[in-house]
Each structure stands twice: as structure tokens, then as C-alpha cells.
Amino acid sequence: MLNSKMKRSMAWIMSAAVIMSAAPVSAADFTAEADVEVTAEAADAGAEENTDAPEAEAEEDGGFGSGEMISEENTAEAGSDETGLTDEENAGDESADFMDGFSDGSAEEESSDISDEFTDEGMSTEELVQAFAEAGTEDPAPWSSVDSLPAGTYENVTANLYVPGAQNKILGVNAYLNNPADPVGMSGVFGVPTNPIYNDASMVIDENGRITLTLELKNQVFELLQVKDGTNVHVKEIERSDTWAYDNVDKIDMGDGTYKGRIKKIVFELDDFSGLYTLGDCVEFGIILYDEQNPDKDVKWYVPLNLAVDFEEQKPDVNISNKAFFNDDARVGIAARGRNMDKVVADIHEVTSGEEFEKVDTYMKEHCANEPEYKLFYFSLNRTDGKDISESKIKYNLFTSVFFDIDVNDAQVYQWQGDSLSGMKTRGNTTRDYWNGQDGDIWEAVDLYNGLNFGYVVICNKQSVVKTQRTYTDDVTGISAIYHGHNQSEKCDDSTLATDTIFTAKKDNITNLEELENLILESGQSSFRKLKIEDSYKVALYRKSAEDKMLGTKAKVTCMDFLFPKALTEGKDIYKVIYDRDSKQYVSVEKMDITDEGDNVKITGVDVSLSLVQQKKQLQLYYSAIDENYVGSRAKSQCQFFIFAGEGAIAEKPTAPVSAFTYDTTEKVAVPESKYYTVEGTTSATLPGTYHVKVTLNEGYFWTNETTDPVEFDWTIKALQTEKPVAISGLTYNGEFQTGVKAGTGYNLSGTYTAKDAGTYNAKVLLADGYEWSDGTTDALTLTWSIAKKTVAKPSAAKDLVYNGKSQTGVAVGEGYTVTGNTQTDAGDCTAVAALDKNYAWADGTTDSVKVAWSIAKKAVAKPSAAANLVYTGKVQTGVTAGEGYTVTGNTQTNAGTYAAVATLDKNHTWTDGTTAPAENFTKENGKAGLL
């Protein structure tokens, strides 16, 4: 079991709970759950520190749980020159007027100087949250994928199990369960587990490619109680601790009569070499969350974890290593990890002159509340082989020796951006990892700084009080707050403004309106004869956590401006109003000075010239308007907000237009909008018509003639006139689209107003908006129009066609009709049929199909004759040769003799003598051939 003091010393873990909670809880909730001894002891420690603190700030709400009255000596010390307050100013802050408005009768002060060391002396929960946030790394967990790796055993593998910063809606940092660091060194390492661990896992790849990874979870206060398989990852074995913190939370029944605690080692089996895996059904526990007064409360959280493995650095051809580079004189170095580090060299030197130094020096003197104590350094890494340093895939941090000239507890590190400083960079764990054997003791331990890029770096003493500012904008109203703080106190530095600050702006109704108007007029601050309060806006900039919600203050540094869009404020004055809820009365009004800022106007929300107590009072009054239940460290009844007030007296009386408007597609406005009156009816229109309006003055306004009666009148928009279109006549089919009704101004066409085929059509004509026909009518028109058929001559037959063995056309095709039966090859008589297309007619007006007779004559050929002088040869010989258009039979013999051959015509031929009978009676005698 852990005692209360140990719980307090490990309070950093509550910020991890903020990261991991599926339903995020505010830091204030954790504060409420923490052991009451945390506040009491922290307060006592703070009170002792404040006694001698040189920079104690006089603020109305102190951090003292004991409620002690601060001594006069301390009050005077708070008004030292270093804060810019005089004794008279502090005395004024405790005036009756101030105490009546915002005090319970005791004046307290709060030290802005907190220790940056993690100790066991009882840090407040708020300080621990801030410490955790400042330690957040901007680098993602290291992981990479490969296609495969050779079988074997791999030591010094980089693998991390962590809550991804992307799931952290408040701090946005990774939290690593295998990082042993915690603020009290319970695991042997002081720090916070927000940096990945390198080369601390082992891996086995068997011959079948099965990947087994073993990882130790070394953090003893950021506990993992349960984990299950996830995406491409399986939990094969787990090893638990033999001890636990609380019986009802992290004491695990093993089912065999024994009990174990948190998971301290996991053996994973990975399905692939993708490098990034998500585990399911995880249960985690931060020890600080346990409430001994409410042991039944579920303080576990249930968020999936990521497992990141850097496979690429295990490839045989990859040479990855750590290397540190030192500048012994400056006591500044670079810690780097990457490829081919033997080819990497560093340039680390202090800059004490030159153009860039002059720019930095001027900036620091203008942007520090006190005389700045700082050093400017330049650092970079390069390759000796001429290759770009990016090829080494380096991850690096700037670090300083803990014996750096500026005490580490007071050092602040910034990137110089050419004309301004970046946000303050966070300090990593104090470590000896980068000691590499240099002589001397200045490198015994170093402090790493996250998020710096190669280039110029400013390291300054926090007593320089570097100013910082941040702008917040409400998306709904467009109102913005600009907060000007400093990086000396955790209450208004870069990190707090970025991660723990909320801006709220909302429009609200005004009570006792007449009382407020009279108060403004009686104060003499308004230049208007009569006043009209238009709008009221409540605005506040405050911390998410802590009871009093207020950001810290510092003389001549802390202030707040507001930007209001000109669209909200044009023609109006802005007043700051203080209202007392108990008495339900307005306490004061103040007309604000306005500065033009582009599309906005700027006013001062918290004046830097005010004392510290008054500055904080301003912040509290704003927030009290947002949260009516807000009490801070003591009850308060007053709140502060802004109202916009315009002239409420004279208004021009609207009258009916002298003549009617004429339609021209633009909007016609008969009664313009005005804050002075309300209009019923139609104040503006576009289309022709007669409209009625009634104009009634708003409360508090008068017409210029001092009357207040409503005004009523009719007003008119006249229509434009256009001629009625007519149908086009005499159209004949031509194969193209033709228009039967032409488009024109003032009307629209529908139905069929263009067509291509012959026929009769109907077109609809509709008046366009704002038009009427020239005869004053407005009815739609229907116009009938037509396209006539085109006439063509009937076809005729081709003449003198004689058989030629090819297909011949007896009736040609023409425009507008098709012909069938008009082609033939054989001789003979034929009939063709010509049929019209739908868009044509015959020249005689008819449209029926036409039959046309045509023919192909037979071709005449000469009769054949017998061959002469044939003599027996012992071979077959031909006595009559076949020719075109006929065949011959009996025309071949071998022996000598006389023979008869027969020539027969085919159907497409005739003999030249006009006959068609076969020719025969050929003879052959005494070796001679002849025709009998």
C-alpha cells in the first residue's frame, strides 16, 4: 500500500490519466480526488518559500490552504522594484472599494517562482500536470516497416508500447509504458515517460518467418493490468510483478490461489513486419488516481495501446547508432541517433556578434520584462562525405550540461525564427546516456530539449521574463482574445496557453435595461442624445483546471486584449460593465478606447498598468460572468462583461416611393433595414406587384419630427412589356432542325418549338418573371406550326440493259424514297417498288408506293464452227470448241471418222441470227472436219 506522501510525489501520473481516459476528465476533477494532504503540505511549503521569494507577486487569490494572513513585511516585499509595484500601489489594492467588490477581508500573495525539480516535497497537482505537459515530446514513436528480415535472434531492438499522443485531447503527447522514468525515481530513473526507449527489446525470427518480440514494461507507477490481441499482433506470454499497490485495483487473482500485480513483461507474436500495431482490450491504472476515501470508485481506464517496432534498423546493411557531439567550452551538445554516424560531424558554437546576434539582442531587450540574461548558439549536423544529412535519417536533441552557465532550473530554451522566438521548448529527462568519456565533470549529466531544429537557439535565464502571447477566437461570434503573458510562471507560459486555456464568448440578454442606459447617460461618457443598448457579450479567458481558473499575472507583462468584429460594433460604443448579482444592480460602466485592427476593433481587457491584484480581479470578473457558480477561492457576487450601445434618438421616417419601381431583375427596397424600427409586411421585392408595409419604432427611438406613430403605405413594382410571338409559316422539310416559334425577351418557350421531321406541332409560350404582354394580358400562349413534306419525282426504269453476267440496277434510288426489286443479274423482265420516306411526297401529291417495270435483254453470240484439218494422232482431239453463252457435247474423239457435235445456249444468250435452238450436224471425214 502507498502512503499519502508517496501518492503526492507520484502525482504526475494523473496527467497520463487525462491522456488515456476514454471520457476525459478535467484536472480539477483529479484535484478533488487527491489526498487532502497534497494541498495542505504544498501550501505550507509555498508559504515558507514566499517569505524570501524575490519575485513574489501580490495576487488576490493565494495558493495557501491554511488561509493565513500575509505579514506586512511580505506584502511590502511583493511590491519590490522587480515586480514594478510600489508600496502605495499595494496599499491601494487593499482599499475599502476593492475589498467591498472582491474580497473576504484578507490579503494574500502567491509566489510565481516554483521549483522545476521533481522532488518528494509535495508538488501541487497543478504543478505536476504542467511538468508533465512541458516534458511532452514532439517526436512520434520510432517505427518502420520492411518486407522481411533474416531468421535469427536480434538484441537491442527499438520497440515501444505507449498511449499515442493523437488520442490525448489535452496534452497531445505519447506516454511510454516501457520508459522507467517517473518524477520520484521509483524505477530508478527520474523524469517523465514521454520519450521512447531505444535498443531495449529483443526479437527472434524463426526459419518459418514467425516473429516473436519480448518487451519489458519498466514503469512502476504507470501500470498495465490487462492486454489482449490486436491488429496483426498476438499476446503469447505475460509476466506479472509479485507486488501490487492496492488490493482492490491492481491485485490480480491468478486462479491458483496466488496473486500477482502489474504486467512487467510481454512476449508478442507479430503477423508481419509492418512496424505499427494496435492492441485491444487494454486496462491501465495510474496509482495517483486511487482514492482511499472512496475505494469503490473505478479508477482504471480502458484505452488501446500502440506497439511500435523499428524493423529497418535491424536490416543487415543498416548501420544505426547513437552519437553525442560536444562543445566543451560552451557546455552545449547534440545527442543524435541515425545511420552512418561515423560520417556525421557537428557545428556547435556560441554566437556573440554579427547581424543575427544584433537582431536577437534587440528582440530580447524589447520582449523581456527584465534585463535579459541569455546566450545565442548555432548548431547543425552535416556529412563528411558530401551527402545531405537527411540521408542519415537522424533524430536529435540539443542538450546542455547540468553545469551550464545558466542554472538548469532557471534556463529556458527557444528557437530563433529569424524575427521572433518560438514557443518555449520543453526539457527532457536528466540522463547520463550521452556521456562518452570526455575529461572533466561537466558532462556528468545533461538536459535534453525537445523540438529544436538546426539553426539558432536562445538559452536565457527565466528571470529575464520572456514575454509570450496567444490569440484565441470564438468561431460563432468571431470575437477574439489576445493574451500577453510570460514564460516565468506556469500560469501563463506558452504551454499553459496552448494546452490548458479556454476562451469563451457568448451573446447574452441584458437585465434592467433602462437602469443601465441611465447609468451610462448620467456618467457623461456617451456622445448620443438618446441611448440604445444593442448587444451584450460575456467573454472570458481561463484555465481548464484549478479552482480559481485564473491565469497568472505579472506586472508590465500580463494583460489581455479583445478583438470585436466591426460588423458587431459599427456605429456603436463599447462599454465595460460590472454587475452585482446579489444586489441586482450595475456597479460601474466604462467606455472603452477603440483601436482599429483591420476587420476588427481592439480594446484592452486587462490593463498592464494595473497592480497585480487588480489585474487578477479583472480576470476573475470576466469568468464570473461566464460561470454564475464560480467562486474561486472565496465567494464573489460581481461579474464583468461588455455592451454595445448606439444612438437611440433620431430615425428617418420611411415614406412610399414617389413613383413605382420598374422591374429590372434587381431587388427593390422600399424600407431599408434599421436598428431604429421594426417592419411588418414586405420591405423589399424583386417581382412586379403591389406590397404593403407597416413600420413601428423600437423602444427608445423617435422620428425626426419627434412623433412615434407607426407608418403604413403601399408600394409597387411595374412589370416590363413584351410583344406576343407568332408561329413561323412556310417551313418545308430540309433534314435540319427548324424553329417554329422564335425565342424572345420576356418569355420562355416549352412544348415543341423546334423540330426536324415534317409534321404539325404545338409550342407553349410562358411569360418570364417580371413581364406582361404588350396588350396588358399575362396568359400563356399555345402556338401551332408545321413543317411540310418535301416533294420528289417518281422514279423511271433504266433502258437498254443487256445481260453482262453482273448484277444490274433497273430503277435507281433517289432522295426521299427507297426501292426494292430493282437489281438483277439474269436476263428477264422485272418489277421494282419505290416507297417514300415519312418526310416526302411524290410530285403529284400522292404518297403511295410506285411499281416500275424493267428488263435485261439476252446477249447475242455466234454459232460455233468445226475445227479444220484434223488428222489422226492417236490422242483425243476436240472438233468443236465451247464458247461464251453455250455448251458443246459430242465434240471430242480419238479415232479417224466423221462425227456430229451439238452446241446448246444458256438462258441468258441467243444466237446472232436471233434463234436459240441448239446448233448440231458437225461431221469429220477422211481426216477432214466439216458441217453438214
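The protein's secondary structure comes to 13 helices and 64 strands; here helices (H or I, at least four residues) and strands (E, at least two) are DSSP runs, numbered from the N terminus. This is a predicted model, in which local features need pLDDT of at least 70, side-chain atom pairs count only at pLDDT 80 or more, and totals for chains, interfaces and linings use all residues. Residues are numbered from 1 along each chain as its sequence is written, and side-chain values use heavy atoms, with hydrogens and water left out.

Of the 932 residues in the protein, 48% are buried. Buried means under 20% relative accessible area, exposed over 50%, and partly exposed in between (1.4 Å probe, protein chains only).

Now let's visit three residues.

| Residue | Place | Relative accessible area |
|---|---|---|
| Gln585 | strand E30 (residues 585–591) | 45%, partly exposed |
| Asp281 | strand E13 (residues 276–286) | 54%, exposed |
| Val465 | loop between strand E23 (455–461) and strand E24 (467–473) | 0%, buried |

Which residues does Gln585 touch, leaving aside its neighbours within four places in sequence? They are Glu515, Tyr579 and Asp580, where contact means heavy atoms within 4.5 Å. Gln585 and Asn512 are 73 residues apart in sequence, yet their C-alpha atoms are 8.1 Å apart in space.

The backbone angle phi is worth a look too. Most residues other than glycine have a negative phi. Asp281 is not a glycine, but its phi is positive, at about 50°. Val465, also a residue other than glycine, has a positive phi near 60°.
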